[in-house]
Structures are given as C-alpha cells and as structure tokens.
Amino acid sequence: MSKNIVFCGVGGQGTVLASRLIAAAAMKEKKHVMTAETIGMAQRGGSVFSHMKIGEANSPLIGKGEADLIIGFEPGETVRQLPFLKKGGAVVTSIRPVQPVSAMIGRASYDSDAMIAYLKAHVDHLILVDADRALGEIGNPKVLNMVLLGAAMKTGAIGVDPADVEEAMRGRLPEKLWDVNVRALRYMQN
C-alpha cells in the first residue's frame, strides 16, 4: 500500500531533512520512494515543501485530495497545503507560528490562532504539537523536525519503522547530535 506525505514549513525548520530521513528509512526497508522538493525560498524564510510517495508511483507529485498525511512545521504553511489532504487523512502540525516574510514587511496579515481554528474545523485526524513545550522539555530549540516525525509515525500514516528513521538520522547528523535527536523523535511516541 502506498503512502503519500506532504512536508511543509518555512526555510530553516528542518523540513527537507525530515523528508530525507523518512525517504532513507523507507529505502532501507526496500520500499520504492519518490520525492519532489520546493526549497528555493528556504534561505529567505519562505515556503518549503516536499511531496513524498512511498510505494509504487509514476510521479513524485501528489495531487489535490491524495495525501495520507501532512506534516506541518508551521500552521500557516499547513493550511496552505491542506488541499492536498485526502478525506480521512491525518495532519500533524506545530502550533508555533513563524511569520512569513510578507507579513513581516507589512504586505499580509498573519493570525496563527485563526489558522489553528481552521485546521480544527476541517481536519478529522489532527495532532497539534506544542513546539515550545516540547523543545523546552527536550532542551534544544533545533529538533522540531524530529518531534514532528515522531508524532507523525505514531499515526501509522508513514509506514516506516522508527528504528530505521533513527538509523537514517545517525547517518546524516554528527554523532554529538544523536542523543538529543533520538529524544526528540521519541518525545511524542510515549
């Protein structure tokens, strides 16, 4: 059975790394993986998203209404990607807002509470992650991607073994970061 996953956030949040860890874990399990990333605005604090298909697929792009799961690193970007979610799909998102560049320079408004309310009203399977609390308890502000992956794996919508994700992380990050990232990955799984 194939899985369609959308990862979305703002540049610098670890969105691309998260998608690459899941892809590596799936490939280790001999699953076919296709991904497509949009990262051009990453360095400017702009939108970043990845589409991933695990299983047989002809194209990495996910059509509207086809995603089994959206992993959102930021509520506004999660709302923006919501049209891709299929009926009955799941959303895991951080509730911590990151204002887009357009809002910071006064060209657009941004109301994260309204974004969260919209998600609550339109998503049946919604997991909201209190990033500030989680990262405070873990003691590192840079492991949100692993906290969200752990929460997403708990839904069962990814279909990869968490141990394989941990192994992929160890293959891509310096050893000094392993312990904190493993704690972050396991944070929402308890």
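Let's start at helix α8, where the buried residues are Val180, Asn181, Val182, Ala184 and Leu185. What lies over them? The cover on these buried residues of α8 includes α5 (131–138), α6 and α7 (162–172). Keep in mind as you look around that this is a predicted model.

Just past that helix, in the segment after α8, you come to Met188. Setting aside neighbours within four places in sequence, Met188 is in contact with Ile127, Val129, Val147, Gly150, Ala151 and Lys154. Met188 and Gly72 are 116 residues apart in sequence, and their C-alpha atoms are 15 Å apart in space.

Helix α7, one of the elements covering α8, is also home to Gly171. Is Gly171 buried or exposed? With a relative accessible area of 62%, Gly171 is exposed. Ala24 is 147 residues away from Gly171 in sequence, yet the two C-alpha atoms are 9.6 Å apart in space.

Now for the sheet. Here 6 strands make an open sheet with mixed pairing, and if you walk across it the order is β2-β3-β1-β4-β5-β6. The edges belong to β2 (33–38) and β6 (125–129); each has a single partner strand, so one side of each is left without a neighbour in the sheet. On average, neighbouring strands are turned by 15° against each other, if you ignore direction.

Take a closer look at β5, which covers residues 85–94. In the sheet order, β5 sits between β4 and β6. On one side, 5 bridges join β4 to β5, and these two run parallel. One pair to find there is Ile71 with its bridge partner in β5, Val92. On the other side, β5 and β6 also pair in the parallel sense, over 5 bridges. Here Ser94 has Val129 of β6 as its bridge partner. And how many residues of β5 are buried? The count is 7 of the 10, so this strand is largely enclosed by the rest of the structure.

Helix α6 (residues 144–155) packs on this sheet, touching β1 (3–10), β4 (67–72), β5 and β6. Its direction makes about 145° with that of β5.

That brings us to the nonpolar cores. The largest one has 42 residues, and those touching the most other members are Ile22, Leu69, Ile71, Leu149, Ile158, Val160 and Val165. Which element gives the most to this core? That is α6, with 8 residues. To see how one core member is surrounded, pick Leu69: not counting residues up to four places away in sequence, it touches Asn4, Ile5, Val6, Leu85, Ala90, Val91, Val92, Ala152, Thr155, Ala157 and Ile158. Apart from the largest core lies another, of 12 residues, among them Cys8, Ile62, Phe84 and Leu85.

Next, some empty space. The largest pocket has a volume of about 240 Å³. It is lined by 15 residues, and the closest to its centre are Gln13, Lys142, Val143, Leu144 and Asn145. Two elements you've already met, α6 and α8 (178–187), are the ones that give two or more residues to this lining.

A few spots elsewhere are worth a stop. Asp111 is in the loop between α3 (101–104) and α4 (112–122). With a relative accessible area of 43%, Asp111 is partly exposed. Its C-alpha atom and that of Pro75, 36 residues apart along the chain, are separated by 9.6 Å.

Move on to Ser112, which is in helix α4. Why does Ser112 count as buried? Because its relative accessibility is 15%, and buried means under 20%. Not counting residues up to four places away in sequence, Ser112 touches Pro75 and Pro97. Ser112 and Asp132 are 20 residues apart in sequence, with 14 Å in space from C-alpha to C-alpha.

Finally, visit Lys30, in the loop between α1 (15–28) and β2. Most residues other than glycine have a negative phi. Lys30 is not a glycine, but its phi is positive, at about 65°. Lys30 is also exposed, with a relative accessible area of 76%.

Methods: Residues are numbered from 1 along each chain as its sequence is written. This is a predicted model: local features need pLDDT of at least 70, side-chain atom pairs count only at pLDDT 80 or more; totals for chains, interfaces and linings use all residues. Side-chain values use heavy atoms; hydrogens and water are left out. Two strands pair if DSSP finds at least two bridges between them. Helices (H or I, at least four residues) and strands (E, at least two) are DSSP runs, numbered from the N terminus. Axes are lines fitted to C-alpha atoms, for helices over the stretch in contact, and angles run from 0 to 180 degrees between N-to-C directions. Contact means heavy atoms within 4.5 Å. A nonpolar core is a set of buried Ala, Val, Leu, Ile, Met, Phe, Trp, Tyr and Cys residues joined through side-chain atoms within 4.5 Å. Buried means under 20% relative accessible area, exposed over 50%, partly exposed in between (1.4 Å probe, protein chains only). On a 1 Å grid over the protein atoms alone, a cavity is a set of points where a 1.4 Å probe fits but cannot get out, and a pocket is an open set with protein on both sides within 12 Å along at least five of seven lines; lining residues have an atom within 4 Å of a point. Grid points are joined across faces, edges and corners, and a volume is the space filled by probe spheres set on the points.
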